[in-house]
Amino acid sequence: MNHRGSSRFGSDGETARIVVEFLEVAINTIVFLKGVYPSGTFERCRYMNVVVEKSRHPQLRDYIHSTVQNLQPFIQKGLVERVAVIFFDKENVPSERFLFKFTLSSSSAEEGSLESCLRSFLVKLLVSEPLTKVISSDCRWEIVGYFSTLPQEAVGNEEAKLWTSTNTKQWQQPPLITPIKSMSSESANMQLYLEHPSLSECGNQPTFSSSPDENMVIQDTPDR
């Protein structure tokens, strides 16, 4: 997306659209930097005058795009607390969880101000050490949304049926947290941090909770 001139805006819908657009680019960036797919799976493009990598593989591109786009009505209503990109090891156990935590405001603000904050956020992602540490190429990953209420209770069935509860294994001990980037503007606040298992769960026999969190829902995982 090319950077546009500044204009006043204050609708939740417009702020949600910009945040969703950013999340799509940021998730592409995370997956590219983690080295899950061959570099040829991605192509360079510009977003907010920053050179980024975007998937050129139809299934991968559509998975990321459709997932974040389907979050937009929930984000606009303030129902999404966090969006996570979770990587799993060969035993299907979460090994890294990158979480975007954000809140939107309905106050009027300069669109250029929000985009400027998001641009600096994106620049930080490209050089962040936790992101540039390549993960095993045989891992699995997925996009997960953390909702304040079940989607079925908040919107129509057509939107809600795209999301289902997940039984992703949960760590029993509080995870280790590495802050990556945070930003604050008149219309939105956002932070990105990495969660990974505590040292006590890195032994040979870690224990996990398999009970689903009813406020954690997932679309579909991308095909390998």
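Good morning, colleagues. The protein chain I am presenting has 5 helices and 13 strands. Please keep in mind that this is a predicted model. Of its 224 residues, 46% count as buried. The chain exposes about 10,700 Å², and carbon and sulfur atoms supply 47% of that area. As for contacts between residues at least 6 apart in sequence, 77% of them join residues at least 24 apart.

Let me turn to the strands, with β11 as the point of reference. Strand β11 covers residues 188–196 and runs antiparallel to strand β5, residues 94–104, with 8 bridges joining the two. Within this pairing, F102 stands opposite M190 of β11. Strand β10, residues 176–184, is also antiparallel to β11, and 8 bridges join them. Here K181 has L192 in β11 as its bridge partner. The connection from β10 to β11 is a hairpin through 3 residues.

Staying with β5, I would point out R97, which is found in that strand. Is R97 buried or exposed? Its relative accessible area is 8%, and since the cut-off for buried is under 20%, R97 is buried. What does its side chain contact? The side chain of R97 makes a polar contact with the side chain of E195, at 2.8 Å.

I now come to the aromatic residues. A pair of aromatic rings is described by the distance of the centres and the angle of the planes. In this model the count comes to 6 aromatic pairs. One of them is formed by F74 and F147, an edge-to-face arrangement with 5.1 Å from centre to centre and 75 degrees between the planes. F74 belongs to helix α2, residues 58–76, and F147 to strand β7, residues 140–147, so this pair ties together parts that are 73 residues apart in sequence. Both F74 and F147 are buried.

A further pair consists of F87 and W141, which is tilted, with 6.5 Å between the centres and 35 degrees between the planes. This pair, too, links distant parts of the chain: F87 lies in strand β4, residues 80–88, while W141 lies in strand β7, 54 residues apart. Both F87 and W141 are buried. In addition, F87 and W141 join Y63 and F98 in one aromatic cluster.

Next, the charged groups that sit over rings. The charged end of R82 sits over the ring of Y146, 4.2 Å from the ring centre. R140, for its part, lies over the face of F88, at 4.0 Å from the ring centre.

R140 deserves a few more words. This residue is found in strand β7. How accessible is R140, and what is its relative accessible area? The value is 27%, and because partly exposed covers the range between 20% and 50%, R140 is partly exposed. The side chain of R140 makes a polar contact with the side chain of E142, at 2.9 Å. Finally, the C-alpha atoms of R140 and V93 are separated by 9.5 Å, although these residues are 47 apart along the chain.

To close, I would recall two points. Strand β11 is joined by 8 bridges to β5 and by 8 bridges to β10. Strand β7 contributes F147 to the pair with F74 and W141 to the pair with F87. Thank you for your attention.

Key. Residues numbered from 1 in each chain as written. Predicted model: local features only at pLDDT ≥ 70, side-chain atom pairs only at ≥ 80, totals over all residues. Heavy atoms only, no water. Pairing = 2+ DSSP bridges. Helix = DSSP H or I, 4+ residues; strand = E, 2+ residues; numbered from the N terminus. Phe/Tyr/Trp six-rings, centres within 6.5 Å; stacked < 30°, edge-to-face > 60°. Buried < 20%, exposed > 50% of the residue type's maximum accessible area, 1.4 Å probe, protein only. Lys NZ or Arg CZ within 6 Å of the ring centre and 35° of its normal. Contact = heavy atoms within 4.5 Å. Areas by Shrake-Rupley, 256 points an atom, 1.4 Å probe, with all protein chains shown as cover. Polar contact = N/O pair within 3.5 Å; in protein donor to acceptor, adjacent residues only side chain to side chain.
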